[in-house]
Structure formats: C-alpha cells, structure tokens
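Colleague: I'm new to this one and would like a close look at a single part. Could you pick one helix and walk me through what surrounds it?

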Amino acid sequence: MTAPEPDVSARTATALRSAMHRLLNGRSERTDGRLTKANLGREAQISHATLHRAKTILREWETAVAQTHTPTREPVTHTAELSALRTEITTARTENSRLRRQLDAAATVICTLHHENIALRDHLAEQGTVIPLHQSS
C-alpha cells in the first residue's frame with residue numbers, strides 16, 4: 001500500500017482509492033464510468049477542492065489512466081442506446097401520425113352520424129304519433 005496522503009484525511013484517501021479501483025475496473029456506482037478526475041471525485045463522493053488536495057492519489061490516478069489503453073464501454077453503449085432511442089422515436093411519431101389520421105376520420109364519421117340522427121328524429125317528429133293497429137285486451 002502507498003504512503004498516507006498528507007493533504008487529505010485517511011477516510012478521504014480510502015474513499016478515493018476505492019473509487020479509483022471501481023472506475024479502473026469498470027464497476028462504477030455513481031458515474032458513467034469514464035476515466036476522468038471529475039468522475040473520480042463523484043465516485044468517491046468528495047468535493048472538487050478535496051480531490052485536488054489529494055496530489056499523491058491524483059498522480060497515481062493519472063499513471064493508472066495512462067496505462068489503461070482499453071476504451072470504456074460507455075461511449076459504445078451510449079451510441080447504441082442513442083440509435084435505439086432515435087428508432088423508437090421515429091416509430092412512435094409514425095404511429096402517432098397514423099392514430100391522429102384515424103381519430104380525425106372517426107370524428108368526421110361521428111359528426112356525420114350525429115347530424116343524420118338529428119335529421120331522422122326531426123323527420124319522425126313531423127309524421128306524428130304512431131298508433132298501434134292491434135291493441136291488447
């Protein structure tokens with residue numbers, strides 16, 4: 001283990017090293033997993049100022065990140081997710097347009113039927129009352 005960090009508490013140094021370990025191993029808990037100083041601070045749940053006081057740990061971080069040549073999965077995942085969401089939006093918009101056209105057509109038919117119903121009622125009212133031919137005794 002490395003020497004204690006003189007500019008931050010032991011608790012902060014432990015939190016930073018744990019966060020560094022999670023980020024470098026691709027198991028971030030509080031960030032998107034990118035290997036940045038800002039994510040290191042967020043992952044450790046410390047302030048920006050506290051992060052920059054931990055100079056020894058930051059040097060270890062920069063060395064470890066420089067040795068990491070594999071890109072994180074996040075940009076690829078985000079690109080695929082973004083593409084899937086765009087496709088989903090396009091599908092939803094198409095369905096929305098189809099349903100709006102169907103709704104407009106249904107509203108037109110309902111309006112026509114309503115007016116025909118009024119006309120038929122008026123026509124029946126003009127003819128008078130219907131008297132049954134056969135009355136029951």
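Modeller: Here is a walk along helix α2, its neighbours and one of its polar residues. Keep in mind that this is a predicted model.

Let's start with what is tucked away. Helix α2 runs over 37–44, and its buried residues are N39, L40, G41, E43 and A44. What lies over them? The cover includes α1, α3 (48–53) and α4.

L40 is a good way into the bigger picture. The largest nonpolar core has 14 residues, and L40 is listed with L16, L51 and I57 as touching the most other members. Helix α2 supplies at least two residues of this core, as do α1 (10–24) and α4 (55–67). The biggest giver is α1, with five residues. As a general point, nonpolar side chains in soluble globular proteins tend to be buried together.

Now for N39, which also sits in helix α2. Is N39 buried or exposed? Its relative accessibility is 2%, and the cut-off for buried is under 20%, so N39 counts as buried. Leaving out residues up to four places away in sequence, N39 touches L23, T31, D32, G33 and R34. With one of these, D32, there is a side-chain link too: a polar contact of 2.7 Å joins the side chains of N39 and D32.

Last, look just past the end of the helix. Right after α2 comes Q45, which takes a positive phi of about 60°.

Note on methods:
Residues numbered from 1 in each chain as written. Predicted model: local features only at pLDDT ≥ 70, side-chain atom pairs only at ≥ 80, totals over all residues. Heavy atoms only, no water. Core = buried A, V, L, I, M, F, W, Y, C linked by side-chain atoms within 4.5 Å. Buried < 20%, exposed > 50% of the residue type's maximum accessible area, 1.4 Å probe, protein only. Helix = DSSP H or I, 4+ residues; strand = E, 2+ residues; numbered from the N terminus. Contact = heavy atoms within 4.5 Å. Polar contact = N/O pair within 3.5 Å; in protein donor to acceptor, adjacent residues only side chain to side chain.
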